[in-house]
Amino acid sequence: MDKNSTKKLGRVIHIDKDKTRVHLDEMVRETVEQILNDLLVAEADRLCNASKYSRSA
């Protein structure tokens, strides 16, 4: 391959940094939200001494 071919191939993939940042921000937000919700459910289960939707006589 000559230098001209390499230069042309170097432009095949384009990464939009702004879209990538927005996507990663959303993924992090959703992950943190899920972790916090799981922690709240676990804390509620511990305080009530019962799991969610459990019933007792």
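Here are some short exercises on this structure, each with a worked solution.

This is a predicted model, in which local features need pLDDT of at least 70, side-chain atom pairs count only at pLDDT 80 or more, and totals for chains, interfaces and linings use all residues. Residues are numbered from 1 along each chain as its sequence is written, and side-chain values use heavy atoms, with hydrogens and water left out.

**Exercise 1. Find the secondary structure of the chain and check the span of H2.**

Step 1. Helices (H or I, at least four residues) and strands (E, at least two) are DSSP runs, numbered from the N terminus. By that rule the chain has two helices and zero strands.

Step 2. Helix H2 covers residues 17-48. The expected span of a helix is 1.5 Å times one less than its number of residues.

Step 3. For the 32 residues of H2 this gives 46 Å, and the end C-alpha atoms are 46 Å apart, so the two values agree.

**Exercise 2. Describe the two ends of H2.**

Step 1. Start at the N-terminal end, which Asp16 caps: a side-chain oxygen of Asp16 lies 3.1 Å from the backbone nitrogen of Asp18.

Step 2. Now go to the residue just after H2, Asn49, which takes a positive phi of about 60°. Asn49 is a residue other than glycine.

Step 3. Check how open Asn49 is to the outside, using relative accessible area with a 1.4 Å probe and protein chains only: buried means under 20%, exposed over 50%, and partly exposed in between. Asn49 counts as exposed because its relative accessibility is 72%.

**Exercise 3. Work through salt bridges in H2.**

Step 1. A salt bridge is a side-chain nitrogen of Lys or Arg within 4 Å of a carboxyl oxygen of Asp or Glu. The structure holds four of them.

Step 2. Take Arg21 and Asp18, whose side chains meet at 3.6 Å, N to O. Both lie in helix H2, three residues apart, about one turn of the helix. Asp18 is exposed, at 52% relative accessible area.

Step 3. Move on to Arg29 and Glu26, with their closest N and O atoms 2.8 Å apart. These two residues are also in H2, three residues apart. Arg29 is partly exposed at 42%, and Glu26 is partly exposed at 34%.

Step 4. Next come Arg46 and Glu43, where the closest N and O atoms are 2.8 Å apart. In H2 they sit three residues from each other, about one turn of the helix. Arg46 is exposed at 55%, while Glu43 is partly exposed at 36%.

Step 5. Finally, look for shared partners: salt bridges join Glu26, Arg29 and Glu33 into one network.

**Exercise 4. Which residues make the nonpolar surface patch, and what is the accessible surface of the chain?**

Step 1. Patches are made of residues with over 30% relative accessible area and no salt bridge; like charges are joined within 9 Å, and nonpolar side chains (Val, Leu, Ile, Met, Phe, Trp, Tyr) within 5 Å.

Step 2. Val28, Val32, Ile35, Leu36 and Leu39 make a nonpolar patch of about 460 Å². One of these residues, Leu36, is in helix H2 and is partly exposed, at 47% relative accessibility.

Step 3. Accessible areas come from the Shrake-Rupley method with a 1.4 Å probe; for residues, only the protein chains shown count as cover. The chain has an accessible surface of about 6000 Å², of which 59% belongs to carbon and sulfur atoms.

Step 4. To finish, look at burial: buried residues make up 0% of the 57 residues in the chain.

Methods. Polar contact = N/O pair within 3.5 Å; in protein donor to acceptor, adjacent residues only side chain to side chain.
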